[in-house]
Amino acid sequence: MDIEKRFELVKRNTDEIIDEGELRKLLKEKKKPVVYWGTAVTGRPHIGYLFPALKIADLLKAGFHVKILLADLHGAMDNTAWNVLDKRYDYYEKLIPLVIKSIGVDIGELEIVKGSEMQLSPEYMFDVLKMASSTSVHDSHKAASEVVKMGDNPKLSGLIYPIMQAVDEEYLKADAQLGGTDQRKIMVLARENLPKIGYDKRIEIINPLVPGLTGAKMSSSDEKTKVDFLDNEKTIRDKINKADCVAGDPNNGLMALLKYVIMTIKLDNKEEFVIKRDKEYGGDMKYEDYDEIEKDFVSKKLHPLDLKNAVAEEIINLVKPLQKDKKILGKLSKDAYN
């Protein structure tokens, strides 16, 4: 795969890359660049994680070595109880690779890193303190505001969170970081502050977030906004049926799932998205790309109920490979969240 094709694969479905020139240079000069994606071990992962999983798949196909940081200490910084960190790590450590593998990508260049095994070294903590001495409370609070649960009386841990995430880039020896738009301020803080303690700034690959089923951010703490990977078929259908989906308005979580997850997978597999309908209502509708779906939805040619039924079927099929391990995942989940 030539450099331009690799670049376009990395860029696909992203909101922003800081910056594209640096990415092109990296692809040209380094045969096996390293990118990392981190997630704090807080709430139970949900289908919103399929979007970063697809970007990780793109990065693997583009020739990157991908490190997934399962950030247990960051979980504690974001108000997860210390006594459940290891149990939540165990759940993430089992589930996340299965999610990426279920997409059908070779995970030979995928590496899982446990945050505390790296972050408790004297050298790492020394650099956290060095960066803290050159980062204002205002800047750290601003960076953390969209990621950490700050509340009316923020804890000091929330201000440490973005500094640690910045230092992670160096200690993971990453050339780039992948994260959602809610992470952008932390990524910019990292680019501005790593050089102050003697390290290179990294490339930041920023993907949009998939909205929740009820319009708000898809959240592990709000069952109505998400579909859990372990939900059964009936629960999935019920949640999708109750999702916000106003006829003619494409600004909702279902359409975002279609655009960034379902139709991306369909495109890669050269498959059509099929909406099954009785002949008396016009018969089946078949689509090869998202824009066609949105056009018919906006014109009200495509009814929300038909869309919901089809999306529910697709999600059921997407989580099915993971549910082969439902027994062990269920036990790990119960230990971590009950």
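Begin by selecting helices α12 and α13 in this predicted model, where α12 passes α13 in a right-handed crossing. Helix α12 covers residues 253–269 and helix α13 covers residues 290–298, and the two pack at an angle of about 160° with their axes 10 Å apart. Because angles over 145 degrees count as roughly antiparallel, α12 is described as roughly antiparallel to α13. Now show the side chains where the two helices meet: from α12 select M255, L258, K259 and M263, and from α13 select Y290, I293, E294 and F297. The residues of this contact of α12 with α13 divide into 6 nonpolar, no polar and 2 charged.

Next, turn to the sheet. Select its 6 strands, which form an open sheet with mixed pairing, and follow them in the order β1-β6-β5-β2-β3-β4. The edge strands are β1, at residues 16–18, and β4, at residues 110–114, and each of them pairs on one side only. As you move across the sheet, the twist from one strand to the next averages 25°.

Within the sheet, pick out strand β2 (residues 34–40) and strand β5 (residues 176–180), which pair in the parallel sense over 3 bridges. Which residue is the bridge partner of V35 in β5? Select A176, since that is the residue in β5 with which V35 is bridged. Now add helix α10 to the view, for α10 packs on the sheet and touches β1, β5 and β6, the last of these at residues 203–207. The direction of α10 makes about 175° with that of β6.

Keep α10 (residues 184–193) on screen and add helix α9 (residues 156–171), and you will find that their axes come within 9 Å and cross at roughly 60°. That angle makes α9 oblique to α10, and α9 passes α10 in a right-handed crossing. To see the contact itself, select Y161, P162, Q165, A166 and E169 of α9, together with I186, L189 and A190 of α10. The residues of this contact divide into 6 nonpolar, 1 polar and 1 charged.

Finally, look at the aromatic rings, for which the count comes to 4 aromatic pairs. One of them is formed by Y124 and Y171, an edge-to-face pair with 5.2 Å centre to centre and 75° between the planes. Select both rings and trace the chain between them: Y124 lies in helix α7 (residues 122–132) and Y171 lies in helix α9, so that the pair links distant parts of the chain, 47 residues apart.

Terms used. Residues are numbered from 1 along each chain as its sequence is written. This is a predicted model: local features need pLDDT of at least 70, side-chain atom pairs count only at pLDDT 80 or more; totals for chains, interfaces and linings use all residues. Side-chain values use heavy atoms; hydrogens and water are left out. Axes are lines fitted to C-alpha atoms, for helices over the stretch in contact, and angles run from 0 to 180 degrees between N-to-C directions. Helices (H or I, at least four residues) and strands (E, at least two) are DSSP runs, numbered from the N terminus. Angles under 35 degrees count as roughly parallel, over 145 as roughly antiparallel, 65 to 115 as roughly perpendicular and the rest as oblique. A crossing is left-handed if the near helix is turned anticlockwise from the far one by less than a right angle, and right-handed if clockwise. Contact means heavy atoms within 4.5 Å. Ala, Val, Leu, Ile, Met, Phe, Trp, Tyr, Cys and Pro count as nonpolar, Asp, Glu, Lys and Arg as charged, and the others, Gly among them, as polar. Two strands pair if DSSP finds at least two bridges between them. Rings of Phe, Tyr and Trp (its six-membered ring) pair if their centres lie within 6.5 Å; planes under 30 degrees apart count as stacked, over 60 as edge-to-face and the rest as tilted.
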